[in-house]
Amino acid sequence: QLQLVESGGGLVQPGGSLRLSCVASGFTLDYYAIGWFRQAPGAERARISCISSGGITNYVDSVKGRFTISRDNAKNTVYLQMNSLEPEDTGVYYCARGSRGLCIGGYDYWGQGTQVTVSS
């Protein structure tokens, strides 16, 4: 059964850090891009970062320099290291599998999401 499971969310103070994990099962991660998406309260879900099958990364401007996406194909896992967190980073974070190895194009499988709350 193909599945993506996120973990690592929680409540953190502004300036703090969290590392999100996205564990894939039912398919080999090596051949696919994985994107991280965020849905802030009252907003639409939007992609914030992606890593291609070849390890090329991209980030939305608001998280550049603070977030780092990486992948460990041996563990079938993609990570999102989030530093210097701001209240505006609050939301539900989802990982999703790209339909191809590149970050362009659609996403065909999604995890259930993990909540991140940045608040003092």
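1. Start with the cysteines. Cys 50 and Cys 103 form a disulfide, with 2.0 Å between their sulfur atoms. Keep in mind as you read that this is a predicted model. The bond ties together distant parts of the chain: Cys 50 is in strand 5 (residues 46-51), Cys 103 is in the loop between strand 9 and strand 10 (107-110), and 53 residues separate the two. Both Cys 50 and Cys 103 are buried. The torsion about their S-S bond is about -95 degrees, so this disulfide is left-handed.

2. The other link to look at is the one between Cys 22 and Cys 95, a disulfide with an S to S distance of 2.1 Å. Here too the pair links distant parts of the chain, with Cys 22 in strand 3 (residues 18-25) and Cys 95 in strand 9 (residues 91-98), 73 residues apart. This link is right-handed, with 75 degrees about the S-S bond. As for accessibility, Cys 22 has a relative value of 1% and so counts as buried. Cys 95 is at 0%, so Cys 95 is buried as well.

3. How many disulfides does that make? The count comes to two. If you number the bonded cysteines of the protein in sequence order, the pairing reads 1-3, 2-4.

4. Now the sheet. There is an open sheet of four strands, in the order 1-3-8-7, and the pairing is antiparallel. Which strands sit at the edges? Those are strand 1 (3-7) and strand 7 (67-72), each of which pairs on one side only. From one strand to the next, the twist averages 15 degrees.

5. Take one pairing inside that sheet. Strand 3 and strand 8 (residues 77-82) run antiparallel to each other and are paired over six bridges. For a concrete spot to click on, try Val 23, whose bridge partner in strand 8 is Thr 77. As general background, strands of a sheet pair through backbone hydrogen bonds, either parallel or antiparallel. Strand 3 is also the strand that holds Cys 22 of the right-handed disulfide.

6. Asp 89 deserves a point of its own. You will find Asp 89 in the loop between strand 8 and strand 9. Is this acidic residue buried or exposed? Its relative accessible area is 2%, and buried means under 20%, so Asp 89 is buried. Leaving out residues up to four places away in sequence, Asp 89 touches Arg 38, Arg 66, Phe 67, Ser 84, Val 116 and Val 118.

7. What joins the side chains of Asp 89 and Arg 66? A polar contact of 2.8 Å does, and the two side chains also meet in a salt bridge, at 2.8 Å from N to O. The partners come from distant parts of the chain: Asp 89 from the loop between strand 8 and strand 9, Arg 66 from the loop between strand 6 and strand 7, with their positions 23 residues apart. Arg 66 has a relative accessible area of 12%, so Arg 66 is buried too.

8. Arg 66 has another acidic partner. The side chains of Glu 86 and Arg 66 meet in a salt bridge, at 3.9 Å from N to O. Glu 86 is in the loop between strand 8 and strand 9, while Arg 66 is in the loop between strand 6 (57-59) and strand 7, and the two are 20 residues apart. If you are checking accessibility, Glu 86 comes out at 33%, so Glu 86 counts as partly exposed.

9. Put these together and you get a network. Which residues belong to it? Salt bridges that share partners join Arg 38, Arg 66, Glu 86 and Asp 89. Arg 38 is also on the contact list of Asp 89.

10. Finally, Lys 64 forms a salt bridge with Asp 61, and their closest N and O atoms are 3.1 Å apart. Lys 64 has a relative accessible area of 47%, so Lys 64 is partly exposed. Asp 61, at 61%, is exposed. The count for the structure comes to five salt bridges.

Technical notes: Residues are numbered from 1 along each chain as its sequence is written. This is a predicted model: local features need pLDDT of at least 70, side-chain atom pairs count only at pLDDT 80 or more; totals for chains, interfaces and linings use all residues. Side-chain values use heavy atoms; hydrogens and water are left out. A disulfide is a pair of cysteine sulfur atoms within 2.5 Å. Buried means under 20% relative accessible area, exposed over 50%, partly exposed in between (1.4 Å probe, protein chains only). Two strands pair if DSSP finds at least two bridges between them. Axes are lines fitted to C-alpha atoms, for helices over the stretch in contact, and angles run from 0 to 180 degrees between N-to-C directions. A polar contact is a pair of N or O atoms within 3.5 Å; within protein, one must be able to donate a hydrogen and the other to accept it, and residues adjacent in sequence count only if both atoms are side-chain atoms. Contact means heavy atoms within 4.5 Å. A salt bridge is a side-chain nitrogen of Lys or Arg within 4 Å of a carboxyl oxygen of Asp or Glu.
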